[in-house]
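Let's walk through this one together, with plenty of "why is it called that?" along the way. Have a look at the picture first.

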Amino acid sequence: MAKALMLAEQAFEEGEIPVGAIVVKDNMIIGKGYNQVEKLSDPTAHAEMIAISAACETLGNKYLKGCTLYVTLEPCPMCAGALVWSKIDTIVYGASDSASGGSGSLFNITANNNLNHQIEVIQGILEMDSEYLLKSFFGAKR
């Protein structure tokens with residue numbers, strides 16, 4: 001999670017909402033990303049989406065079985081859906097997102113039994129650090 005937080009700090013420095021994500025398999029980082037929505041003018045350029053793409057490329061596979069995503073903010077519905085389709089095993093996140101969370105706060109896409117895959121979710125890891133970075137970013141914007 002500390003490495004995801006470092007990526008979130010990079011996003012912060014680039015004027016992006018500070019969210020960072022890494023995908024780990026067998027104790028090795030196989031994908032990483034941070035928010036690049038502004039930089040790429042792409043509403044789908046969330047940290048998780050970039051990390052998923054990088055991990056799939058590393059594995060040469062569209063599925064992330066046996067992998068864990070570490071992300072500083074609870075995935076939104078778009079990212080939660082992509083994670084379900086990737087068949088990732090576990091999501092570990094820092095700060096909850098009561099405004100647009102897709103993994104337990106507002107929606108619970110990752111545990112929806114109507115979908116073909118459910119994901120174990122662990123929340124609150126380095127939560128205060130993740131929240132501090134987000135609050136600092138939005139505080140500076142106001």
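**Asking why**

Q: To get our bearings, which element holds Ile122?
A: Ile122 has its place in strand 5. Keep in mind that we're looking at a predicted model.

Q: Why does Ile122 count as partly exposed?
A: Ile122 has a relative accessible area of 32%. Buried would take under 20% and exposed over 50%. The value for Ile122 falls in between, so Ile122 is partly exposed.

Q: What makes up the nonpolar surface patch that includes Ile122?
A: Ile122 shares the patch with Ile125 and Leu126, and its area is about 200 Å². To join a patch, a residue needs over 30% relative accessible area. Ile122 has 32% and Leu126 has 34%, so both of these pass.

Q: What is notable about the phi of Leu126?
A: Phi of Leu126 is near 55°, a positive value, and Leu126 isn't a glycine. Most residues other than glycine have a negative phi. You'll find Leu126 in the loop between strand 5 and helix 5 (127-141).

Q: Which loop holds Asp26, and what is the sign of its phi?
A: Asp26 lies in the loop between strand 1 (20-25) and strand 2 (28-34). Its phi is positive, about 50°, although Asp26 is not a glycine either.

Q: Is Asp26 buried or exposed, and why?
A: Asp26 has a relative accessible area of 64%. The cut-off for exposed is over 50%, so Asp26 earns that label.

Q: What makes strand 4 (residues 90-95) a mostly covered strand?
A: Count its residues: six of six are buried. Each of them is therefore under the 20% cut-off for relative accessible area.

Q: Why can strand 3 be called largely enclosed?
A: Six of the seven residues of strand 3 are buried, so the rest of the structure largely encloses this strand.

Q: What makes strand 3 (residues 67-73) and strand 4 a pair?
A: Five bridges link them, and the sense is parallel. Pairing asks for at least two bridges, so strand 3 and strand 4 qualify. Thr68 has Thr90 of strand 4 as its bridge partner, and Leu69 stands opposite Ile91 in strand 4.

Q: Which element does the chain pass through on its way from strand 3 to strand 4, and what is the handedness of the crossover?
A: The chain goes through helix 4 (residues 77-86), and this β-α-β crossover is right-handed. The label means that, with the strands pointing away from you, the path over the helix runs clockwise.

Q: How many bridges join strand 4 to strand 5 (residues 120-123), and in what sense do the two run?
A: There are four bridges, and the two strands run parallel. At least two bridges are needed, so this is a pair as well. Thr90 has Glu120 as its partner in strand 5.

Q: In what sense do strand 1 and strand 3 pair, parallel or antiparallel?
A: Strand 1 and strand 3 are antiparallel, with five bridges between them. One partnership here is Ala21 with Val71 in strand 3.

Q: Why does Gly81 count as buried?
A: Gly81, which lies in helix 4, has 16% relative accessibility. Buried means under 20%, so Gly81 makes the cut. The C-alpha atoms of Gly81 and Glu38 are 22 Å apart, with 43 residues separating the two along the chain.

Q: Why is Glu131 called partly exposed?
A: Glu131 is part of helix 5 and has 26% relative accessibility. That figure is between the 20% and 50% cut-offs, so Glu131 is partly exposed. Glu131 and Thr72 are 59 residues apart in sequence, while their C-alpha atoms are 8.4 Å apart.

Q: Why does the radius of gyration agree with that of a compact globule?
A: A compact globule of 142 residues would have a radius of gyration near 14 Å, and the protein has 14 Å, so the two agree. The C-alpha atoms fill a box of roughly 40 × 30 × 30 Å along the principal axes. Buried residues make up 44% of the 142.

Q: What is the order of the elements from the N terminus on?
A: They run α-β-β-α-α-β-α-β-β-α, with five helices and five strands in the protein.

Definitions and conventions:
Residues numbered from 1 in each chain as written. Predicted model: local features only at pLDDT ≥ 70, side-chain atom pairs only at ≥ 80, totals over all residues. Heavy atoms only, no water. Buried < 20%, exposed > 50% of the residue type's maximum accessible area, 1.4 Å probe, protein only. Patch = residues over 30% accessible without salt bridge, like charges linked within 9 Å, V, L, I, M, F, W, Y side chains within 5 Å. Areas by Shrake-Rupley, 256 points an atom, 1.4 Å probe, with all protein chains shown as cover. Salt bridge = Lys/Arg side-chain N within 4 Å of Asp/Glu carboxyl O. Rg over C-alpha atoms; globule rule 2.2 N^0.38 Å.
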